[in-house]
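Hi everyone, and thanks for coming. I'd like to walk you through a structure that may be new to you, so please have a look at the screen while I talk.

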Amino acid sequence: MKAVGFRRSGMLMGLLAAGVALVGATTLSSPAQAEPVQLTQPARVAATTTVEVQASGPGTTYQSSNGWCHYTNWGGSFYCQSQYNHTLPNGYHQVFVIGTNKQVYSRWQSSSGVSGWVSLGGTCIKPGHHSVDMWEVNGRQFTIACVGSDGWGYLKTRNSNGTWTKWNGPYNLIWN
């Protein structure tokens with residue numbers, strides 16, 4: 001078995017960007033009257049514009065009553081404490097989680113929007129103890145690690161062109 005030194009990157013959480021519209025009653029006050037007068041007809045709106053707000057990242061995680069965790073903006077169901085949020089060089093986010101079937105899943109942002117959840121395969125142990133982690137290699141090329149169900153570490157590399165290697169290992173990963 002190979003021993004591999006591994007550096008844990010800091011986790012950044014995305015922020016939710018949202019717009020809020022306030023709707024309320026309008027009152028008028030006449031100088032001759034002490035009491036405000038309620039308008040009985042709704043005000044007319046000249047034009048309505050719908051603006052789609054794209055969330056700035058996956059959001060925060062929360063645990064539902066069924067025990068699974070989810071992202072506030074990107075959803076999904078995964079083991080709590082298995083998520084890893086990576087900020088790409090262009091500022092977009094890519095997240096990695098251990099799904100309910102113990103496979104690694106990823107979802108990411110791009111200029112065209114947010115992908116769906118994509119399985120990267122593997123069989124990872126329950127979260128904690130670096131069950132899913134990342135080692136930045138070179139900007140868009142990086143390696144993720146998974147502690148397999150056999151307790152050994154496995155590595156999978158995303159090449160700079162977006163393709164992935166197969167899972168490699170087993171390794172005796174040394175966590176720093």
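Let me begin with the aromatic rings. Searching the whole structure turns up 7 aromatic pairs. Please keep in mind that this is a predicted model.

Here is one of those pairs: Trp-68 and Tyr-79 sit edge-to-face, with 4.9 Å from centre to centre and 80° between the planes. Where do Trp-68 and Tyr-79 lie? Trp-68 is in the loop between E4 and E5, while Tyr-79 is in the loop between E6 and strand E7, residues 84-87, so the pair ties together parts that are 11 residues apart in sequence.

Are these two residues buried or exposed? Trp-68 has a relative accessibility of 24%, so we call Trp-68 partly exposed. Tyr-79 comes out at 14%, and therefore counts as buried.

Another pair to look for is Tyr-71 with Phe-78. Their ring centres are 5.3 Å apart and the planes meet at 45°, so this pair is tilted. Tyr-71 and Phe-78 are both buried. Together with Trp-117, Tyr-71 and Phe-78 make up one aromatic cluster.

Now, on to the strands in this part of the chain. Three strands, in the order E4-E5-E6, form an open sheet with antiparallel pairing. Which strands stand at the edges? They are E4, residues 61-63, and E6, residues 75-78; each has a single partner strand, so one side of each is left without a neighbour in the sheet. On average, neighbouring strands here are turned by 30° against each other, if we ignore direction.

If you zoom in on E5, residues 69-71, you can see that E5 pairs with E6 in the antiparallel sense, over 2 bridges. Tyr-71, which we met a moment ago in the tilted pair, stands opposite Gly-75 in E6.

Let's turn to the cysteines. How many disulfides does a search of the whole structure find? The search finds 2.

One of them joins Cys-69 to Cys-80, with 1.9 Å from S to S. Cys-69 is in strand E5 and Cys-80 is in the loop between E6 and E7, 11 residues apart, and the pair links distant parts of the chain. The torsion about this S-S bond, between Cys-69 and Cys-80, is about 100°, so the disulfide is right-handed. Both Cys-69 and Cys-80 are buried.

For the other disulfide, please move along the chain to Cys-124 and Cys-146, whose sulfur atoms are 1.8 Å apart. This pair also links distant parts of the chain: Cys-124 lies in the loop between strand E11 (118-121) and strand E12 (132-138), and Cys-146 lies in strand E13, residues 141-147, with the two positions 22 residues apart in sequence. Why is the disulfide of Cys-124 and Cys-146 left-handed? The torsion about its S-S bond is about -135°, so that is the hand we assign.

Both ends of this bond are tucked away from the surface by our accessibility count. With 0% relative accessibility, Cys-124 counts as buried, and Cys-146, at 2%, counts as buried as well.

To put the bonded cysteines together, number them in sequence order along the chain: the pairing then reads 1-2, 3-4.

That's my tour. Thanks for listening, and I'm happy to go back to any of these views with you.

How values were computed. Residues are numbered from 1 along each chain as its sequence is written. This is a predicted model: local features need pLDDT of at least 70, side-chain atom pairs count only at pLDDT 80 or more; totals for chains, interfaces and linings use all residues. Side-chain values use heavy atoms; hydrogens and water are left out. Two strands pair if DSSP finds at least two bridges between them. Helices (H or I, at least four residues) and strands (E, at least two) are DSSP runs, numbered from the N terminus. Axes are lines fitted to C-alpha atoms, for helices over the stretch in contact, and angles run from 0 to 180 degrees between N-to-C directions. Rings of Phe, Tyr and Trp (its six-membered ring) pair if their centres lie within 6.5 Å; planes under 30 degrees apart count as stacked, over 60 as edge-to-face and the rest as tilted. Buried means under 20% relative accessible area, exposed over 50%, partly exposed in between (1.4 Å probe, protein chains only). A disulfide is a pair of cysteine sulfur atoms within 2.5 Å.
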